[in-house]
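Reader: I should like to learn how charged side chains are read in a structural model. Could we work through one together?

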Amino acid sequence: MATPIKRIEKDFLLKVLYDEQLPVMYLRNRTEYVLHVEKPTRTEMYLICDRPISGIKANKRMELMFDYHGQVIIFSVLVTLIKDEHIIAEAPEFLYKNLARSFSRVQSPPDLTVQFSFSGDRYSLSFPKIQDYESENVSGLIQNVNPQDLQGLIGQMAQWIKDYADGYKLIIFKDQKPSSTEERIVAETGKSLFLANTQSNLPRTDPYPKKRIITEDMFRRYLESTGVSPQYIDEAIVRFLKSKFDKQIYSDAWIPILFQEYVIGYIHVWISKEGKAPFDYALTDTLYQFAKVLAYSLKMNGYFDSGLIKEERFEGRVIDISVSGLLFVYPNSNLSVALLPDSELAIKLITPKRSISASARIVRRYKDSSMGYFGCRFLDMLPEDMRFLFEFIYGKPLLDQDVNFLAGQV
């Protein structure tokens, strides 16, 4: 992920740009422009370009980059005045390094059309929905199970659980809507409620890189959303944990069963014998894998077929693009709601000379009052297509020095 540069280092780099006259690169409409800083940067940045820039106007932003000792730095400036090759802009608020994208993005060429469609089957289901997308890739998890044998899988899971837990329940929300506190928070977050010891606190942190656990802060926010006053939240948590201990539940775990962006149910396990070893994260890891295979098995057995959506293409307005990905915008709608991070899309890039088919993964999204914005990373573009796309959007062949300069710190 791109890292903002701290103020002292930013001021140093802006000074170096002027003192050492480092070249600053700007890409627009397949043309590469080279700029230099004319005066020391304070509240304004004075730039001179190697030639006039076609189409640039005041009150528009320019995305600029430069190379400092092998580190690619990017920043954005708001243009305030243009005269021939001279540009005055507001001093950049931030400089960024450690770029997450592989190549610099530029404004989408006007003769590029991009068509999108969801990759693989998509569903419209009546289960609780979350703002994440669960991949269906279970190839590494089904080596010793038959996903077609749903009852056999459930039996295998129940047999494994007996060695670690005193009680177990498997609930599918199609038969039972979320009602208890545990069910509602699992359904709303798509994360596991894990209590290694009900006489202790909720987890303060989540050890997983892709967050999987309901932490104490999340539980507090949930209680507040249900109408519990902030001054009573501590008391509510104490009562919640005490009620479990009073029911002789000493260790407790609720693992969601996720299918795409839906929470279709959960696996609940608990310990009710004093002195028994409490649950640990290794148990939740295994149950999470069981839940993933179970969701896949339900799909294989046609459980979700009634909600299958017919594949359809849609066009999004591409804001900027690089050889490694693009940012597109689409109106807020039922379709845009389904465009979640980690979703995969089939993409067709149509140019006057050639069409390129590829797949892409949504890596980030945000929205305003009317539009959704979706940043995508290309996944499997052929080398010859990549070279053609490079020349099409940057206006020159792909050379080794271009890779070295345009490739950020991936």
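**Charged side chains, buried and paired**

Author: Asp 252 counts as buried, because its relative accessibility is 0% and the cut-off for buried is under 20%. Please bear in mind throughout that this is a predicted model.

Reader: Where does Asp 252 lie?

Author: Asp 252 is placed in strand β14, which covers residues 251-271.

Reader: With which side chains does Asp 252 make polar contacts?

Author: One polar contact, of 2.9 Å, is between the side chains of Asp 252 and Trp 254. Another, of 2.6 Å, is made with the side chain of His 268. Leaving aside residues up to four places away in sequence, Asp 252 also touches a set of residues including Leu 193, Phe 194, Leu 195, Lys 244 and Phe 279.

Reader: Let us turn to salt bridges. What can side chains of opposite charge do when their charged atoms come close?

Author: Such side chains can pair. In this structure there are 17 salt bridges.

Reader: How is a salt bridge within a helix to be read?

Author: Consider Arg 7 and Asp 11, which form a salt bridge with the closest N and O atoms 3.3 Å apart. Because the two residues are four apart in helix α1 (residues 7-19), about one helical turn separates them. Arg 7 is exposed, at 59% relative accessibility, whereas Asp 11 is partly exposed, at 37%.

Reader: Which residues of helix α5 meet in a salt bridge?

Author: The side chains of Glu 235 and Arg 239 do so, at 3.0 Å from N to O. Both residues belong to helix α5 (residues 233-246), where they are four residues apart, about one turn of the helix. Glu 235 is partly exposed at 46% relative accessibility, and Arg 239 is partly exposed at 48%.

Reader: Which parts of the chain does the salt bridge between Arg 212 and Asp 285 link?

Author: In this salt bridge the closest N and O atoms are 3.3 Å apart. The pair links distant parts of the chain, 73 residues apart: Arg 212 is in the loop between β13 (193-195) and α4 (216-225), and Asp 285 is in helix α6 (residues 281-300). Arg 212 is partly exposed, with a relative accessible area of 22%; Asp 285 is likewise partly exposed, at 26%.

Reader: Which residues are linked in a network of salt bridges?

Author: Such a network links Arg 204, Glu 216, Arg 220 and Asp 234.

Definitions and conventions
Residues numbered from 1 in each chain as written. Predicted model: local features only at pLDDT ≥ 70, side-chain atom pairs only at ≥ 80, totals over all residues. Heavy atoms only, no water. Salt bridge = Lys/Arg side-chain N within 4 Å of Asp/Glu carboxyl O. Buried < 20%, exposed > 50% of the residue type's maximum accessible area, 1.4 Å probe, protein only. Polar contact = N/O pair within 3.5 Å; in protein donor to acceptor, adjacent residues only side chain to side chain. Contact = heavy atoms within 4.5 Å.
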